[in-house]
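Hi,

Here's the structure I said I'd pass along. Have a look first, and my notes on what turned up are below.

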Amino acid sequence: MESYQLNNSMTNPEKPVVVTSVGGSVTTYDFMNPSFMVLDIDAKTMLPVNMHTYYIDVDEANEAGKPNWTELHDYKESYKMDDLRPSNFKDLATRIFTDKDLAKEFLYNERRHNKKYDYKVDQLNMYCDLVTSEQHENHQCNMTGGLSAYGEDFKLLSKHAPKYLVDQIVSSWVDYSFDQ
């Protein structure tokens with residue numbers, strides 16, 4: 001009987017299985033324009049097929065004296081996606097990694113056209129943020145320029161301590177060992 005230890009990794013980076021997205025906020029946190037998201041759901045499967053983000057340009061609203069909600073982007077149209085399945089998001093991440101103009105557009109939309117933000121594009125970091133779900137995997141991706149099946153544990157006494165603690169909290173929910 002052989003025993004395997006998966007070294008605190010809960011994901012298989014070769015197969016995307018889920019997508020998470022944090023919708024915008026209607027506050028102007030961090031000098032960002034307010035925004036919200038609307039998801040189109042397939043009535044038969046109840047799966048998301050598109051996502052739209054709407055925003056208010058605060059500077060324009062202040063000049064006009066009233067807010068005007070405008071569509072910021074539509075995932076299918078803006079990023080040329082067939083639907084929102086996880087494999088299409090992984091494809092989008094790869095295209096962001098290889099296409100600097102797409103990376104700039106994604107970052108500009110993510111920051112809701114914030115005119116005060118310094119838009120320095122780090123394509124590897126953006127890719128790693130999109131394809132990893134755990135901080136140690138994200139760290140490993142950024143350090144190696146790619147994915148590791150098992151990531152690398154953070155050290156508690158380092159600048160990555162908050163990420164280490166998140167991984168330790170999450171890892172306690174899952175039993176990673178199995179016998180074969």
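**What I found**

Let me start with helix 6, residues 135-144, where His-136, Glu-137, Asn-138, His-139, Gln-140 and Cys-141 are buried. Right after helix 6 comes Gly-145, with a positive phi near 80 degrees. Do keep in mind that this is a predicted model.

For the overall picture, the chain has 7 helices and 5 strands. Going along the sequence, the pattern reads β-β-β-α-β-α-α-α-α-α-α-β. The chain has 180 residues, and 34% of them count as buried. If you take the contacts between residues at least 6 apart in sequence, 47% join residues at least 24 apart.

Now the sheet. It is an open one, built from 3 strands in the order 2-3-4, with antiparallel pairing. Strand 2 and strand 4 (70-74) sit at the edges with a single partner strand each, so each of them has one side without a neighbour in the sheet. From one strand to the next, the twist averages 30 degrees.

Taking the pairs in turn, strand 2 (residues 35-41) and strand 3 (residues 48-55) run antiparallel and are joined by 7 bridges. If you want a spot to zoom in on, Met-37 has Thr-53 in strand 3 as its bridge partner. Strand 2 and strand 3 also make a hairpin, with 6 residues between them. In that turn, Met-46 has a positive phi of about 65 degrees. On the other side of the sheet order, strand 3 pairs with strand 4 over 4 bridges, again in the antiparallel sense. There, Tyr-55 has Thr-70 in strand 4 as its bridge partner.

The other thing I'd look at is how helix 3 (residues 86-98) packs with helix 4 (residues 100-110): the angle is about 115 degrees and the axes are 5 Å apart. That angle makes helix 3 roughly perpendicular to helix 4. The crossing of helix 3 past helix 4 is left-handed.

Which residues make the contact? From helix 3 they are Leu-92, Arg-95, Ile-96 and Thr-98, and from helix 4 they are Lys-100, Leu-102, Ala-103 and Phe-106. By type, the residues in this contact of helix 3 with helix 4 split into 5 nonpolar, 1 polar and 2 charged.

Cheers

Key. Residues numbered from 1 in each chain as written. Predicted model: local features only at pLDDT ≥ 70, side-chain atom pairs only at ≥ 80, totals over all residues. Heavy atoms only, no water. Axes fitted to C-alpha atoms, helices over the stretch in contact; angles between N-to-C directions. Helix = DSSP H or I, 4+ residues; strand = E, 2+ residues; numbered from the N terminus. Parallel < 35°, antiparallel > 145°, perpendicular 65-115°, else oblique. Left-handed = near helix turned anticlockwise from the far one by under 90°. Contact = heavy atoms within 4.5 Å. Nonpolar A, V, L, I, M, F, W, Y, C, P; charged D, E, K, R; others polar. Pairing = 2+ DSSP bridges. Buried < 20%, exposed > 50% of the residue type's maximum accessible area, 1.4 Å probe, protein only.
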